[in-house]
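Biologist: Please take me closely through one part of this model. Then connect it to the rest of the chain, step by step.

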Amino acid sequence: MSNNLPASTFSERRYRTEQLIMNLRESSIRENVLIELNNFIIEQSTEAMRMDLGFHLWNSELTLTILLQEVVAVYPKLLDSTLAMAESTRLCNALNVIQCMASHPNARIGLLKANIPYFLYPFLRISENVMRPLQFVKLTILNLIAALAKFDESYGQEILLLLLDTQVFSLCLLCIHHGDQLIRKVRPAYSDMRFIIRNASTVATLILMKILMQEKGLKYCCALPARFLLVIQVLHQLVDTFASEIPSSQQLKNVVQCYLSLSRVAWAGGVYDAVRTYFPLQLIDYKFGIIIRDDPEIPIMLHQLELNLTRQPPQ
């Protein structure tokens, strides 16, 4: 791969990459190597540098196998809810390395063809006794899936279909739904826990939005009436939580974009009444004035959404 760094800096980075990859094979020091590797990933200040590192991690022998061993090793902890914070941190470090791999387009399609998401989904399916260590893992996994969900590139549509085949759609809905339930149970004093849950819900909504913005994603959503109905019900529940948990402008924008996509397809799919029945009116009643003022795109999106929902021809 081409790189604009000076030769000395480039060679130093390459040497350190190779050393970390080799050290990762030593099980006795692997936990510390994962920490070093995560710090090294953070040091990559440009997208080109992250792609270069991801490319070499992806193409290095045994690296992905070792990282998957880290994932599988935690499975027994899921059965008895004994995942400790140190184990969660180690697993998140391994997942961050896989996410770094996903910086490169060839690795993204390769990870999906290798069915890597299936190794991660057991963590997302757990909805009972989800304590702080597991919440960190779920958030990290969702960030990894969001990194894979890049549909506007050469492999984009293939990536979309591969992701849909893994049932990511229903799992994102599950994460949004249970995140909303959990945040009602967590006391305000535990602000860090509430922050993690809200972030996980935000990332799950982002993935859902990305899928719904694609024609094939919309067709998948509407292929089954029950699936379509579940989407608009879960989104409505999410907006209901905004009354007590003020969303970020990005989360609000993601939700509005989901509704924009659904409002357009509703006309063609004959489910217009269902969209209107479950539509949260507080979105177009401008209940979120402070957030809207900070992001000029949101009023434009809300205006178009209101037109769509009042039987104006969708744009």
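Modeller: Start with helix 10, residues 156-165. Its buried residues are G156, I159, L160, L163 and L164. Look down the axis of helix 10: these buried residues fall within an arc of 130 degrees, so they line one face of the helix. The arc is that of the directions from the helix axis to the C-beta atoms. An α-helix has 3.6 residues a turn, so residues three or four places apart point the same way.

Some ground rules. This is a predicted model: local features need pLDDT of at least 70, side-chain atom pairs count only at pLDDT 80 or more, and totals for chains, interfaces and linings use all residues. Residues are numbered from 1 along each chain as its sequence is written, and side-chain values use heavy atoms, with hydrogens and water left out. Buried means under 20% relative accessible area, exposed means over 50%, and partly exposed lies in between (1.4 Å probe, protein chains only). Helices (H or I, at least four residues) and strands (E, at least two) are DSSP runs, numbered from the N terminus.

After helix 10 comes Q167, with a positive phi near 70 degrees. Most residues other than glycine have a negative phi. Two more cases sit in loops. S81 is not a glycine, yet its phi is positive, near 55 degrees. S81 lies between helix 5 (75-80) and helix 6. With a relative accessible area of 45%, S81 is partly exposed. N115 is not a glycine either, and its phi is positive at about 60 degrees. Its loop runs between helix 7 (105-113) and helix 8. N115 is partly exposed too, at 39% relative accessibility.

Now move on to helix 8, residues 116-125. Its buried residues are I116, P117, L120, Y121, F123 and L124. They cover an arc of only 155 degrees around the axis, which puts them on the same side of helix 8.

I116 leads us to helix 4 (residues 63-72), where L68 lies. L68 touches I116 and F119, leaving out residues up to four places away in sequence. Contact means heavy atoms within 4.5 Å. L68 is buried, with a relative accessible area of 13%. Its C-alpha atom is 9.7 Å from that of L91, and the two residues are 23 apart along the chain.

L91 brings us to helix 6. Two packed helices are described by the angle between their axes and the distance between the axes. The axes of helix 6 (residues 85-101) and helix 9 (residues 132-148) come within 9 Å and cross at roughly 5 degrees. Helix 6 and helix 9 are therefore roughly parallel. Axes are lines fitted to C-alpha atoms, for helices over the stretch in contact, and angles run from 0 to 180 degrees between N-to-C directions. Angles under 35 degrees count as roughly parallel, over 145 as roughly antiparallel, 65 to 115 as roughly perpendicular and the rest as oblique. On the helix 6 side, the contact includes L91, C92 and L95; helix 9 residues in it include F136, V137 and L144. By class, this contact of helix 6 with helix 9 has 11 nonpolar, five polar and one charged residues. Here Ala, Val, Leu, Ile, Met, Phe, Trp, Tyr, Cys and Pro count as nonpolar, Asp, Glu, Lys and Arg as charged, and the others, Gly among them, as polar.

Compare another pair. The axes of helix 13 (residues 215-222) and helix 14 (residues 225-241) come within 6 Å and cross at roughly 105 degrees. Helix 13 and helix 14 are therefore roughly perpendicular. Y220, C221 and C222 of helix 13 meet R227, F228 and V231 of helix 14. This contact has five nonpolar, no polar and one charged residues.

V265, in helix 15 (residues 249-269), reaches both members of this pair. Beyond its neighbours within four places in sequence, V265 contacts L218, C222 and F228. V265 counts as buried, at 17% relative accessibility.

What about the cysteines? A disulfide is a pair of cysteine sulfur atoms within 2.5 Å, and by this rule the count is zero. For C221, the nearest cysteine sulfur is that of C222, 4.5 Å away. For C258, the nearest is that of C221, 9.3 Å away. C221 is buried, at 0% relative accessible area, and C258 is buried at 0% as well.

Last, step back. The protein chain has 18 helices and zero strands. Buried residues make up 50% of its 315 residues. Among contacts between residues at least 6 apart in sequence, 75% join residues at least 24 apart.
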